[in-house]
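Visitor: I'm new to this one. Could you take me for a close look at the largest nonpolar core, and tell me which of its residues touch the most other members?

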Amino acid sequence: MTSLTKSDMRNAVNQVLKEMKDSGVRVADPKKLQTDAVDTMTFFPFLRPASDQIQGQPGTLLKLEGTVQMYYNSAGYYVPIAVFLSGDHPMRPPICKVKPTPEMMIKPNHQHVDVEGIVYLPYLHEWDRRSSLIEMIKKLSEVFSSDPFIFKRPPQQQQQAAAAPPPNTATANASKPAREPHTKVKTPKDGKSIHFRSAQPPPAPTESVRSLGLKGRELAKEVQTKAKEMDELDGVLENSFRCPISMEIMSDPVYAADGHTYEKVEMERWLQTKTTSPLTNEVLANKGLLPNYNLRSQIKEYQTRLR
């Protein structure tokens, strides 16, 4: 994905603000809306601005959509989300939604993300004009780190989901917004390029399970439950084997000065014309690249298991 300058971001946001005004939406604080949107896209560089509508919300909304890198067990995953901002921003809390592709599914009965992907956080409940979009997304990342809310969909369900028509009705309000209508704005490329790790075979019963003193069907059920939990965790969005620039699985991963890992050829091409980090937009201390041998070994092991 091409990196946007702050000038590009401001111009894109201003275009959306114009669409909002043309649709009859009163924008209470255009400067604040623009500043918060640009700051959020600068911090999370795979988010892009667009206009969209949600049933129950008047007029056009500013939408920041794309992927955000989140971590689980020290591994990075690219999670597709969308954040909707109304003309009343920052007085009205944003609507945040997880946007699973046909290959993904929302974890059932998750405490903070409902079946439609709508996010519920104490931070949103307590939102005021001093609240931060960046901090809100960080809180969502913390939730993912402790209890991942999106998983690999079983192959048969993937086919069904791909064939199913998009939703066309929704309701939303400040306290508990619901599903979003089918958007006319194209989903950013990186949001569609998420892949998953293959599920691993169920583990054998462990000593901790045997020590429960269960027998027969009870033991079998407990083992199946544990195996399912392990399988789901292994099926969380594919490990950070993908280069943040090309979104392809890396073959020669290297560390850059920003501390992130990239495919060597992609980062070398990036550094031919830029001196900033692809992920943070901050100026790199140097253009040196160091091999990430540990990640390279993990990728080879992963690819071997797929054969």
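Guide: Of the 42 residues in the largest nonpolar core, the ones touching the most other members are I81 and F149. A nonpolar core here is a set of buried Ala, Val, Leu, Ile, Met, Phe, Trp, Tyr and Cys residues joined through side-chain atoms within 4.5 Å. Buried means under 20% relative accessible area, exposed means over 50%, and partly exposed is in between (1.4 Å probe, protein chains only). Bear in mind that this is a predicted model: local features need pLDDT of at least 70, side-chain atom pairs count only at pLDDT 80 or more, and totals for chains, interfaces and linings use all residues. Residues are numbered from 1 along each chain as its sequence is written, and side-chain values use heavy atoms, leaving out hydrogens and water.

So who builds this core? At least two residues each come from α1 (6–22), α2 (30–43), β2 (61–72), β3 (75–85), β4 (95–98), β5 (104–106) and α4 (133–146). The top contributor is α4, which gives seven residues. Those helices (H or I, at least four residues) and strands (E, at least two) are DSSP runs, numbered from the N terminus. In the whole protein there are ten helices and nine strands.

Now zoom in on F149. Leaving aside residues up to four places away in sequence, F149 touches M70, V79, V98, M105, I106, K107, H110, V113, L140, V143 and F144. A contact means heavy atoms within 4.5 Å. F149 is buried, at a relative accessible area of 0%, and F144 is buried too, also at 0%. In general, nonpolar side chains in soluble globular proteins tend to be buried together.

F149 has ring company as well. Rings of Phe, Tyr and Trp (its six-membered ring) pair if their centres lie within 6.5 Å; planes under 30 degrees apart count as stacked, over 60 as edge-to-face and the rest as tilted. By this rule there are five aromatic pairs. One of them joins F43 and F44: the ring centres are 4.9 Å apart and the planes are at 65°, so the pair is edge-to-face. F44 is buried at 10% relative accessible area, while F43 is partly exposed at 41%. F144 and F149 also pair edge-to-face, with 5.4 Å from centre to centre and 70° between the planes. Add Y77, and Y77, F144 and F149 form one aromatic cluster.

There is also a second, separate core of 17 residues, and its members include F241, C243, A256 and L284. C243 is buried, at 0% relative accessibility. Another buried cysteine is C96, at 1%. The structure has zero disulfides, a disulfide being a pair of cysteine sulfur atoms within 2.5 Å.

Stepping back to the whole protein, buried residues make up 44% of its 307 residues. Among contacts with a separation of 6 or more, 60% are between residues 24 or more positions apart.

One last stop, in the loops. P90 lies in the loop between β3 and β4, and the peptide bond from H89 to P90 is cis, with omega near 10°. N109, in the loop between β5 and α3 (122–125), has a positive phi of about 60° although it is not a glycine. N109 is exposed, at 81% relative accessible area.
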